Amino acid sequence: MRRPGGCEGAERRGEGGGAHAGIEPERGANAALAAAHLVVALQALNGIWPGVTLNVGVVRAGTRTNIVCPQAELYAEVRAATTAGLDTAIAEIRAVAARTVVEGTAARVDQLDLCPPMEHTPQAAAVLALARGAAADLGLTVGAAATGGVGDANLTSGLGIPTLDGLGPVGGADHTPEEWLDTAGVPDRVALLATLVERLRRT
């Protein structure tokens, strides 16, 4: 079973001032340089709070080498195991973006998405216990793990509905050319899911 953390996708736009890079560079304010400082500062937030990760995945800046870059964009996401951790991280992201490192530039944070963390609750633990019992009766072993993945389970969990994730087939190397699926284990996983659904129906 996996318990994904939450994610907040955000776009950070850096505004600077364009100018001819050879004739009058002093009139410009390089948004690409400001973006570079932002990337370093945002990545440095990793490891500060338990269960919180941050990744700047996309950086766009400039149009030509002879122009002081007037605008840049960063796309990043933060994931957290708890709502409190997510809120703390988002607040710090906004604080980092508000600091001016390159004179003449400014940054704006636009939140593009918000997915609630799938937090561990007593109700979810009860469903996990049912799943473990069903697995044992089928001769299977089921464990529990927390990961940084995100899925529809986050949305139901965020509504307060006891939710388990990761009951599908076993696999790995997500989002890479080496991603794989253990087809031999599919019948066991289907049997486990069907048994768990039946036991939940009885409760």
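Mentor: Before we start, a strand here is a DSSP run of E with at least two residues, numbered from the N terminus. Also keep in mind that this is a predicted model.

Trainee: Okay! In which strand is Val 56 found?

Mentor: Look along residues 52–61, which form one strand. Val 56 is found in there, so by the numbering from the N terminus the name you want is strand S3.

Trainee: Is Val 56 buried or exposed?

Mentor: Buried means under 20% relative accessible area. Val 56 comes in at 13% relative accessibility, so Val 56 counts as buried.

Trainee: Which residues is Val 56 in contact with, leaving aside its neighbours within four places in sequence?

Mentor: Contact means heavy atoms within 4.5 Å. With those sequence neighbours set aside, the list for Val 56 is Val 39, Leu 42, Gln 43, Leu 74, Tyr 75 and Ala 76.

Trainee: And what separates the C-alpha atoms of Val 56 and Val 40?

Mentor: Along the chain, Val 56 and Val 40 are 16 residues apart. In space, their C-alpha atoms are separated by 9.2 Å.

Trainee: Let's move on to the loop between S7 and S8. What is the phi of Ala 173?

Mentor: Most residues other than glycine have a negative phi. Ala 173 sits in the loop between strand S7 (171–172) and strand S8 (180–181). Ala 173 isn't a glycine, yet its phi is positive, at about 55°.

Trainee: His 175 is in that loop between S7 and S8 too. Is His 175 buried or exposed?

Mentor: His 175 has a positive phi as well, near 60°. Exposed means over 50% relative accessible area. His 175 has 80% relative accessibility, so His 175 counts as exposed.

Technical notes:
Residues numbered from 1 in each chain as written. Predicted model: local features only at pLDDT ≥ 70, side-chain atom pairs only at ≥ 80, totals over all residues. Heavy atoms only, no water. Helix = DSSP H or I, 4+ residues; strand = E, 2+ residues; numbered from the N terminus. Buried < 20%, exposed > 50% of the residue type's maximum accessible area, 1.4 Å probe, protein only.
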